[in-house]
Every structure is written in C-alpha cells, then in structure tokens.
Amino acid sequence: MAHAHDVVRHCDVAIVGGSAAGLAAALQLARQRRSVIVIDSGEPRNATAAHMHSFLGRDGTPPGDLLAAGCAEVRGYGGEILSGRAVEITRSGERFAVALAEGHTVVARRVVAATGLEDRLPAIEGLAEHWGGAVIHCPFCHGYEVRDRRVVQVVTHAFGLHSTPLFRQLTDRLTVLLEPGVDGGEAVEPLRAAGVDVREASVRRVLSDAAGRLNGVELADGTRLDADAVVVGPRFRARADAFAALGVRPEPHASGLGDVLVVDPMGATAVDGVFAAGSLTDPGQQVLPAAAHGSRVGAAVAFSLADEDVRAAARPSGSAADWEHRYSGDPVWSGNPNGSLVAEVSGLPVGRALDVGAGEGGDPVWLAEQGWDVTASDIATRALDRVRAEAERRGLSITCLLADANALEPFPREAFDLVSASYASIPRTPDRRGVHTVLDAVAPGGTLLVLSHDLEAMRSPEHHRAPFDPDAYLHIDDFAAVLAETPGWTIETVEKRPRPPGSATAADHVDDVILRAARR
C-alpha cells in the first residue's frame, strides 16, 4: 500500500459520509463481499452532543463510541474508511469518479450519499456555544435530560411549535417565546389553555454563569428569564454539493426549513446508480433510524449490483479490479526484492516456495534466482503477467497462480517449504480466513514469513490522508494471534526493524514488522 500523490482507487461502492447511515450501508455491502470505500470528512451532525439516546441497546452512548465501533465492524469485513472530503462526483463511462480534496480519486460502480445535514442555528448571541449541550432541539434525543427543568423554547418559525406538546410533557416549567412575526396559528391557544406560558418576545442572547453553564436568556427589552435549557428549531442545509455535477440536487423539505435529497423507498435518487441514506433524506431521523435507513439502502445497492452481474453472467471481485487498475500503467514497485525477506530467507535450505501477493515479482524472482521452486500468487492477472515477463527475461521458471487469499482453498495445502507474504494487502474477515489459508499452505517443517508496514507510522498525520486504510487489511498481529492458538507452530521472530534499502516505498515506510514461524 504505497503512499503516492493522485492515486486512483477502484471499488464496487463509494460511500460519501461515515456516520451511522454510511457505516450501516457499508457493513451491509461488505458482508455481501462487495469492496467498499467510505470517504469521511469527520463532521457528523451530532458532533457536539455528549451522548445519544433512544438507540436500543446503546442508549446513552457517546456518538463517537458508536462510530468507532461501526468503523471497526466495517473494517472487520475489509471495508475501507478514508479520512477525506469528496469535492466533486462525476460519471466516468459506466462508473462514478469521486474526486477528493486531497488529490486522489475513488472510482466506483455505485455511489451512496450519506453526508447528512448542516444545522443552521438562529443568530442569537451565545446560542452556538451551548449547542448540543444545554441548547437542544429534539425532545426524543435530549428531552428526558431536561425533565422538570426550567426550559425556554425559542420559536423562530411556525413549525417550531411542532415539538412544544412533547416538551410540555417533560417539564411543567416551560416558557415558549414566539419571535415577533411568527404566526403560531391554531397551536397557540390550546397550549396556553393547557398551562404553557407562551409569549411574543425576541431573544437577544443566551446567558451563562461564571462556570460557563447556561442559566438564562435575555430578551430584546432587557428582561431576563432564568433557564436550565433552551430549545430551538434550527434550519438545515443538505450537504450535497459534491453531487451537483451528476444532477443530484437537493429539493425543499415539506417543513420549509431546508432541503433534502429526494429518494425512493429503497434510497435510489433520480440518477441511476446514485443512492442516498440517513438524515440527508429525512431531517427527522435520529441515529437509530438513520442507521436502519443506511442498512436498507446498503441492501438495495447490493441487489442492484447482483442483478447487474447476473445479467452479465459475471461474478467480479472489486478488490481484484482495484489491483488490476493499479497494475495497468507504469511499474508500481522497484522490482527489487524486499530487503527484510532477503535477510530472513538467505540462511534457509531451498525448496518449494509460495509468495502470496507477489505484485510485480521482486520477491519471487529473487527466490527463483536462489534456486527455489517458486509459485507466485496474486489476485491480479496483470501483476502475474509482469512476474511472468520478468521471469522469462531472466530465464527463470516461476509458476503463476491467480488466487484470492480469502477464497475457501486458494493454495495447495501443506505444499510449500516457504510461504512468504510481503506487505500483502489481504482484506480482513471476522474469521481471519486469509491467515488460515496462508498457514495451511506451509508444509510440515516449513517456514512462514510475513512482512508488514509499521502501522504506527501509517496512522501518523503524514500518512492519514493517503487513500488506503491499513486497518481494513490483515496485519502481523492477526497472524501472531492465530499462530498462538494453533498447535504445531513455533513463532521464531516477531519484531520491528529498520527497513533495508532498495524498496520503492522505503522513503515512506522506514520500519518493517517481521514475523517468522516454523511448522513443526
């Protein structure tokens, strides 16, 4: 996984937005063996809230904890989550090209918009500072937490009274302030008759005590009202600018408070191949309904892809397609063997060797030159074509095996004296199938050698904008964990070392993590 400028990635589905709806859609699709790339700018609508509520099984959970768990689940099935911002999405033949602000591009068969809404608060001094805390808008999300408290509801539009009966149920100390010019219509008199203090008044600012806690509001005439919480009804804007070039544009919501993307019951927009999920389509969705909607839309996208593949009598792999495209241009790697592999293998007696994720052949070619009987395996036909061409150029005999390490039985069992995997990009699965298939290929008395990038470096600020998600792929720790619980193996080495020179990516990744194990 090289860090390069202007990298083009290919996948089955690109999901723009990595909150509850986007992650739920990604999980559905990843479990259907679709390659998924989520592009997330890190701006969830509920970012200022400390806790979320009315989510069955997770009531009171911090929103960030839910997203972290969701990211882990998506990555557990090989789905990638990239930190970035989609700036423009265009159609490229039968595919969509998602241009990122960081300079990279994600090409996908389908696109899901899950970017959510941007809330626009009334222009009242001090209001924004308490938004998501003592300033709330949804009685279901945070109303219970202000029960029996002094609550001031600031109504800046007629639809704002929609939630007033619910707040009246939560507290008998409710004051409703209608901004001048707001027509409450027939809703006002029943509220007053039910004991709600409804006034016409303009709010100048929200007040705080010395500790920064909200403690009241000041009206335009200087009057102060004590309060523990303030309720507002924000307007909203659909975050859909990146989709405009496709003709996907927001339309006014029935409330008159903002705009949304209009979709059919399965989340499809009017543009074929483009779907939308979550609050971007319905401002009333809490986190649980947004996640449910994302799950539904993810299933609809899976059906869409499956139907297309049946009509084409094809069963394509999105992961393979990504690598095929990456090997369609200039050489990706240096062609040199990985220095860490050379150091570890040089003392071993030659025999049969399997190189998993052979790429362009640096390692298998070197092994063959040392006398090994080599099988080079890769998921990409173009990679193996390059291995084969280089072997022929050097007069070497190398067997090329087109195989996916996550298939059921991709490699001959117990057939190789050495199985090596240098920086192999094997997507995760919950059962770590890719680890088991690699281990199963090692013959009794044979050696397993796995080389990996140092994840700490790959998670550093210098790398976090690269268009690859290292946590979506198997790492040394996964191999070590399976080896530790599998009888008949001895782990000889697990350590981080400075990376020897000669690799195409040595400038970006200065340390290797090395695992060597022997099968008894």
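This talk describes the sheets, helices, cores and a few single residues of one protein structure. Please keep in mind throughout that the model is predicted.

I shall begin with the seven-stranded sheet. The sheet is open, and its strands follow the order β22-β21-β20-β23-β24-β26-β25, with mixed pairing. Which strands stand at the edges? They are β22, residues 398–402, and β25, residues 489–498. Each has a single partner strand, so one side of each is left without a neighbour in the sheet. From one strand to the next, the twist averages 15°.

Let us now look at β23, which sits between β20 and β24 in that order. On one side, β20, residues 352–356, pairs with β23, residues 416–422, in the parallel sense, and four bridges connect them. Within this pair, Asp-355 stands opposite Ser-420 of β23. On the other side, β23 runs parallel to β24, residues 442–453, and six bridges join these two strands. Here Leu-418 is placed opposite Thr-447 in β24. Is β23 largely enclosed or left open by the rest of the structure? Six of its seven residues are buried, so β23 is largely enclosed.

Two helices lie across part of this sheet. Helix α9, residues 362–369, lies across β20, β21, β22 and β23, and runs at about 175° to β21, residues 373–378. Helix α10, residues 381–393, lies across β21 and β22, and its direction is at about 175° to β22. An angle in this model can run from 0 to 180 degrees between N-to-C directions, so a value of about 175° means that helix and strand point in nearly opposite directions.

The loops on either side of β23 each contain a residue worth pausing on. Glu-414 lies in the loop between β22 and β23. Its phi is near 50°, a positive value in a residue other than glycine. Glu-414 is partly exposed, with a relative accessible area of 39%. Arg-432 is found in the loop between β23 and α11. Arg-432 also has a positive phi, of about 50°, although it is not a glycine. At 26% relative accessibility, Arg-432 counts as partly exposed.

From that loop we move to helix α11 itself. The axes of α11, residues 433–440, and α13, residues 476–484, come within 10 Å and cross at roughly 65°. The crossing of α11 past α13 is right-handed. Which residues make the contact? From α11 they are Val-435, His-436, Val-438 and Leu-439, and from α13 they are Asp-478, Phe-479, Val-482 and Leu-483. Sorted by class, this contact has six nonpolar residues, one polar and one charged.

I turn next to the nonpolar interior. The largest nonpolar core has 30 residues, and those with the most contacts inside it are Ile-89, Val-98, Val-106 and Phe-243. Seven strands are named as supplying at least two residues each, among them β1, β2, β4 and β5. Strand β6 gives the most to this core, with four residues. Val-98 shows how such a residue is surrounded: leaving aside residues up to four places away in sequence, its contacts include Ala-14, Val-16, Ile-39, Ile-89, Val-106 and Val-111. A second, separate core of 28 residues includes Leu-474, Ala-480, Val-482 and Val-513. Val-482 also takes part in the contact between α11 and α13.

Another residue to examine is Trp-131, in the loop between β7, residues 117–120, and β8, residues 135–136. Is Trp-131 buried or exposed? Its relative accessible area is 15%, and buried means under 20%, so Trp-131 is buried. Beyond residues up to four places away in sequence, Trp-131 touches Thr-48, Asp-119, Leu-121, Ile-136, His-137, Val-232 and Pro-234. The C-alpha atoms of Trp-131 and Val-230 are separated by 9.2 Å, while the two residues are 99 apart along the chain.

I shall close with a three-stranded sheet. This sheet is open, in the order β12-β13-β14, and its pairing is antiparallel. The edge strands, β12, residues 203–208, and β14, residues 224–226, each pair on one side only. The twist here averages 25° from one strand to the next. Strands β12 and β13, residues 214–219, pair in the antiparallel sense over five bridges. Val-206 has Val-217 of β13 as its bridge partner.

Key:
Residues numbered from 1 in each chain as written. Predicted model: local features only at pLDDT ≥ 70, side-chain atom pairs only at ≥ 80, totals over all residues. Heavy atoms only, no water. Pairing = 2+ DSSP bridges. Contact = heavy atoms within 4.5 Å. Buried < 20%, exposed > 50% of the residue type's maximum accessible area, 1.4 Å probe, protein only. Core = buried A, V, L, I, M, F, W, Y, C linked by side-chain atoms within 4.5 Å. Left-handed = near helix turned anticlockwise from the far one by under 90°. Nonpolar A, V, L, I, M, F, W, Y, C, P; charged D, E, K, R; others polar.
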